Amino acid sequence: MLLNLKNIYKWYNVGGNRTFILKDINFEVQEGEFISIMGPSGSGKSTLLNIIGMLDEPNEGTYNFLHENVFKLKEKQRAQLYKQYIGFVFQQYHLIDELTVYENIETPLIYQDVKTSERKALVADMLDRFNIVGKKDLFPNQLSGGQQQLVGIARALIAKPKLILADEPTGNLNSKQGEEIMQLFKQLNTEGVTIIQVTHSEKNAAYSSHIVNLLDGVIKR
Amino acid sequence: MIKNYFKIAWRNLMKNKVFSFINVFGLAAGLASCMLICLYVYDELRFDKHHKNVEQLYQLGTVFVRSDGEKKSSTVPAGVAAAMKQEFPEVVNTTRFTTLFADDKVLLQYKNGSETRSFYESKGCVADASFFTFFDYNFIEGTATTALVNPNSVVITEAIAQKIFGKTSALNKIIHVESNTNGTSDYTVTGVFRPGAEPTHIDSEFFLSFLGGGLENYTKQQTSMAGNNMFFTYVELQKGTNVEHLKAKFPAFVDKYMGNDLKKAGFNKRQLMTAVSDIHLNSEIPENVTPPGSWTYLYILMSIALFTLLIACINFMNLSTARSSKRSGEVGIRKVLGAQRQGLIYQFMSESLLLSGIAFIFSIAIVRLLIPVFESVSGKIFSFTPPQYLGLISIFLGLSIVAGLLAGIYPAFYLSSFIPIKVLKGRFSNSLAAVSLRKGLVVFQFTISVMLIVASVVIANQMDFLRSKDLGFAKDQQLVIPLRSETSKGIYTPLKNALSVSNQIQSVGASAYYPGIFNPEDANYYREGQTADDSKPARTNRIDDNFLQTMDIKPVAGRLFGKAFTADSSSIIINEKAVSALGFASPEEAVGKKISTDRQTQKVSWTVVGVVKDFHFEDLKTPIMPFAFMLSERPDYNYLLAHVKGQDITTALKTAETAWHQLNPNEPFEYSFLNDDFQKNYKAENRLSSIVGYFTFIAILISCLGLFGLATFSAEQRTKEIGVRKVLGASVSTIVALLSKDFLKLVLVAVVIASPIAWFVMNKWLQDFAYRININWTVFAITTFVALMIAFLTIGFQAIKAAVANPVKSLRTE
Ligand SMILES: Nc1ncnc2c1ncn2[C@@H]1O[C@H](COP(=O)(O)OP(=O)(O)OP(=O)(O)O)[C@@H](O)[C@H]1O
Ligand SMILES: [Mg+2]
C-alpha cells in the first residue's frame, strides 16, 4: 500500500457556519494504480488532491504515506518526500515567472543534486518528448496556456517520480495533445509509476484503472 | 546551485529596476559613508605607532594643583628632562622641544648673492639634539641622528626646501630666521625630511636646534621648576621598565627637585607620564602639540556612519518584504518541487549578497571620488602603503558582506516561511506582524534622519551665534599686519603714521597679541596690602597708546592710554573680571589703586588708570578671564592693527601695501583680518558641522529613497482601489491624501520620538561652549516642517501619479 486516508474532513468557517468541503473521506492507493478523481466543479477534487500531495492539511482524519503519519512529519522530511516520490501537475500550471522553460523543467533536478551534465541530458530529452525544444529559452509569460501546461507536466515528470499527482493535466490542451499525455501516463503507469489525476473528461478517465467519484465532498461508489 | 541562485537574483534585479536602483544606490551610499569614516578612524588610531622605539617612549606632563582646582598640561619646565635622567636609571634618554608659540608665522630669509628671498612659515619648533633619535623621520638629506647636534642647525621639510632652494640641494645652506619666540639668528640647514604617510602628534615643519637660539639663553636664566612650563619633554625608558613603579616614585621626585620653587610660587604639582602612542587618543591631558583626537568625536562619526548603513539595509528589508507577494508564488512552487526552507533562505540571501556586492563596487568608486572632498572636510591626508590598502579593502569587503547579510536575513526568513497551499491558492496578503515591523523600521529610519536634522540645525545656529556674537570690541574691518622681523618692527612708527593719515583708515594701533590668537603672556597680580600668596593670574598684553581705541574697547571707569598721557609707563588697564578677581568692590574703586606682581624676587607695581568692559580675547568656548593691558617699554610690537573705515577695503589694502613696500622693500607685505583669525578657533566645530551636514544629507536621501520605493509599491498595489474610488467620484486631492496620510503619520511619529533624544544630545554638545544658544521650539518646528516636506515630496510624486491616472485603464488591466 502506498498511501491511505482515513476519516478525512475538511471544512471552512464561512460567516460563522462550517462549510464542509470533504466529508469522511476514506481512500486507499496501492502502488502501481492509475486513479482518476471525477466530479462536478467545486466538489472538492483539488482539495483532496492537495491533501494527498501534502500541500494542505485536513481538519480531521489521518493520512499515512508509506506507513508514515504525514501530519507528524517535519517540513524538512516532507520536502524530502516530494523530492523522492512526488511529481505535481497544477491546475493553474504555477511556473516560476523568473525562469525560462528550460530552467523551470530543470529546477526539481537541481533540488535533487543531479550533476549538470546529467541535468542537461534529462532536460533535453523532456523538451524533445514534449516538442518544445524551440521554446526552451522563453519565459512563461511568452507561452500560450497549453504550452505552459506542457511545461508544467514536463517539470513534474523530469525527476522520475513514483507518484504523479495531476490536477486536470489536459484542461488547456487540444484533444490530440491530451491524448498523447494520457498515452504517456499510461506508459509510465505500466513502468510502475502510480498516478492520481483529476479530470472532467470521461475519455481521459478511461485510461485509468480506477475511478473515484466525488460529489459535494463525499466519495460515491 | 549557487550559480542558479545568482542567475535568478540577477534577473530579479534587472526586472525591478526602481527597487534595485534604490537598494544598490542606498547601500552604496551607506557603505561609502562607513568606508570614509573607517579611513578617518583608522588614521586616528595609527597616530605615532610607527616610531621604532615607540614602546619605550613617554611624554611627561604636569598637573597644576591650586586651591581653585587642578589643571593638566602636556608641558614641563626645561630642567625636568635633566633631573629625570639624573634621578632615574630607568630613563635612558630624554628629548625636549617647544613650538614657536609666540609666532603665528616666522620669517625665513635666504640670501643668494645679492638677492634676498623671504618666506613665512607657520609650523616651527625648537628641539633638542636627541629629537630625531626619538622620532622616526624620513630624511632625504642629512643624517637624522646628528642633524640638531651643532648650534644653529635647522632641519626642514622637503616642501620648504623646494620653496626656498628650488632644485638645488639645501644641505649646508644658511637661512636667516626671525622669531618672536627664539630670537633672530642664522641657521645652517643640516637635514631635509619628507613627511611620512603615518600621522604623528608633532606637526612641525622646521626644527631649530635648541643650542644657539634665544630660548637656550632664556632657560639658562629661568631655572625655576615651578613656572615656565613650556617644554614638551619625552623620555626613553629602559626596556622592561615597570612604568607603574616608576610613576610611583614621581611624588618624591617632585618634592626633591621642585619643592622649593613650588613653595615660593604658592601652588603644587604632580608629574604625569603618557605613552607616546597614547598621546593622540588616550591621553588625559586636553591639549598637546596638536589638538588630540577624541573618542567622543570618533563615536559620533562611527555611529552616524553605521546608522546610515542601517538605514540602507532597512530599505532592502522593507522593499523585499513589501513586495513579497510577488515572490510568494515562486516560494510555494519551489517548495513543492522539493526545495527545503534552508535552500530558499540561501537563495534569498544570495540575492541580498549580490546586491551588496554590486553596491560594494559602486561604493569603492564613490569613496575614490569623494576622498579629496573628505580630506578637506576632515582636515586629514589619507595616504597608505599597499599592505594597508589591502587591509582596508578587505575590511570594506567584510563590511559589505555583513551589510548584505544584515539586510537579507529577515526577508529571507520571512519569504521562505510561506506555506505553499496558502500562496498558491488565491491571493497572498502580508502578515500583520510583517506590516507593523515595516512601519516600525520606517519610523526608525526617520527618527535617525530627524535627529540628524535637529543636530544640523542646532550646530548651524550655534556656529552662527559664534560668528555674530558681540565680542566686546570691533571685530570687523580690522586689518592685521604682522611685524615679524627686526626690520618690520623697526618701521612701526613710520608705518603707523602713514596709515593714520590715510582717508580709508579710521584708527591704527599696535600690540603684542590680539583677540583670537594665543596670548601666552600672563602674570599673577595682587592688590596693595596683599602678598604674592593672594595673587591672581591675568593674561597680559603689551600695547601702544592707540590699540584700545582702534579695537573700540570701551572704558567703564578711568581712562584709556593715549598720546596726551605721557607718564603712563607704570600704568595698567584691567578688565571687569580682573577687578573682581583682585577683590575691588567696583571699577571706580580700582582706578588709581596700585597692583603688583613678583618677578623673580623683585616686586613690580602698576597704577590702575582704567577699567575696560569685559571682551572676548579668546573664543567663546572659554569664559572671559581677568585681563590686563600695559604699554610696551620698547616699540617691539608683533602686530599693527588698522581699523578700516567704510567699505573700501581694497583701497585701504593698497595704501597699506604701498606704505609697507616703501618702508621695507625686502619683505613681502602680509595681512589678515582679525575676524577671520578669530573664526579659525572654531575649526573643529566647523568640521563637525560640515561632516554632520553631509551625513544628514546622505541619511535623508537614503531614507527618502526607501520611502519612495514603498510609496511606489503601495500605489501600484492600490491601482484598482484607486480606479474604483475615482469612478465613484473621489477627487485627485482626496486620493493623494489617502495615499500619503499613512506615510506622513509615520514621519510624524519619528519626529515625536527623535526630538527629545536630539534635544538631550545637542544640549550635551552645547555644554562645550561657555557661551551658547538655547535650543528653543523653533528648531523643532523647523525640523518637523522640513521632515514632513521632504517626506511629502517623496511620496507625493507617486501619489499624484496614481491619482491622476485614467481609472478605466487601470481597471481594465486588472
Ligand atoms: N479558503 C476557502 N474558503 C472557503 N471555501 C473555500 C476555500 N477554498 C476552497 N473553498 C471551497 O471549496 C470547494 C472545493 O474547492 P476545490 O478547488 O477543491 O473544487 P474542485 O472540485 O477542484 O473544482 P474545479 O473542478 O472547479 O477545480 C469550493 O466550493 C470552494 O468554494
Ligand atoms: Mg480544481
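Helices here are DSSP runs of H or I with at least four residues, numbered from the N terminus. With that in hand, welcome to a short tour of this predicted model.

**A tyrosine in chain A**

A:Tyr111 sits in helix 3 of chain A. Is this residue buried or exposed? A:Tyr111 counts as buried, because its relative accessibility is 6% and the cut-off for buried is under 20%. Along the sequence, A:Tyr111 and A:Gln80 are separated by 31 residues, while their C-alpha atoms lie 9.8 Å apart in space.

**The magnesium site**

Let us stay with chain A and turn to the metal. Which protein atoms serve as donors to the magnesium ion (ligand 2)? They are OG of A:Ser46 and OE1 of A:Gln91, at 1.9 to 2.5 Å from the ion. This pair brings together distant parts of the chain, as the two residues are 45 apart. A:Ser46 belongs to helix 1 (residues 45-52) of chain A, whereas A:Gln91 lies in the loop between strand 6 (86-89) and helix 3 (101-111) of chain A. The table sets out how accessible each donor residue is.

| Donor residue | Relative accessibility | Class |
|---|---|---|
| A:Ser46 | 24% | partly exposed |
| A:Gln91 | 31% | partly exposed |

Both values fall between the cut-offs of 20% and 50%, so neither residue counts as buried or as exposed.

**Chain B as a whole**

Now for the overall picture of chain B. Its secondary structure comprises 26 helices and 24 strands. Measured out along the principal axes, the box filled by the C-alpha atoms of chain B is roughly 105 × 60 × 60 Å. Chain B has 814 residues, and 53% of them count as buried. Take the contacts in chain B between residues at least 6 apart in sequence: 80% of these join residues at least 24 apart. The exposed area of chain B is about 36000 Å², with carbon and sulfur atoms supplying 59%. Chain B carries 80 positive and 66 negative charges, and the mean positions of the two sets are 15 Å apart.

**One helix up close**

Helix 16 of chain B spans residues 492-500, and its buried residues are B:Tyr492, B:Leu495, B:Lys496 and B:Leu499. Why do they lie on the same side of helix 16 of chain B? They do so because the arc they cover around the axis is only 100°. What covers these buried residues? The cover includes strand 14 (478-482), strand 15 (505-511) and strand 23 (639-644) of chain B, along with helix 15 (486-490) and helix 20 (649-663) of chain B.

Conventions. Residues are numbered from 1 along each chain as its sequence is written. Chains are lettered from A and ligands numbered from 1 in the order in which they are written. This is a predicted model: local features need pLDDT of at least 70, side-chain atom pairs count only at pLDDT 80 or more; totals for chains, interfaces and linings use all residues. Side-chain values use heavy atoms; hydrogens and water are left out. Buried means under 20% relative accessible area, exposed over 50%, partly exposed in between (1.4 Å probe, protein chains only). Contact means heavy atoms within 4.5 Å. Accessible areas come from the Shrake-Rupley method with a 1.4 Å probe; for residues, only the protein chains shown count as cover. Lys and Arg count as positive and Asp and Glu as negative; His and the chain ends are not counted. The place of a charge is taken as NZ of Lys, CZ of Arg, CG of Asp or CD of Glu. Donors are N, O and S atoms within 2.8 Å of the metal (3.2 Å for Na, K and Ca); water is not among the atoms, so sites may look incomplete. The arc is that of the directions from the helix axis to the C-beta atoms.
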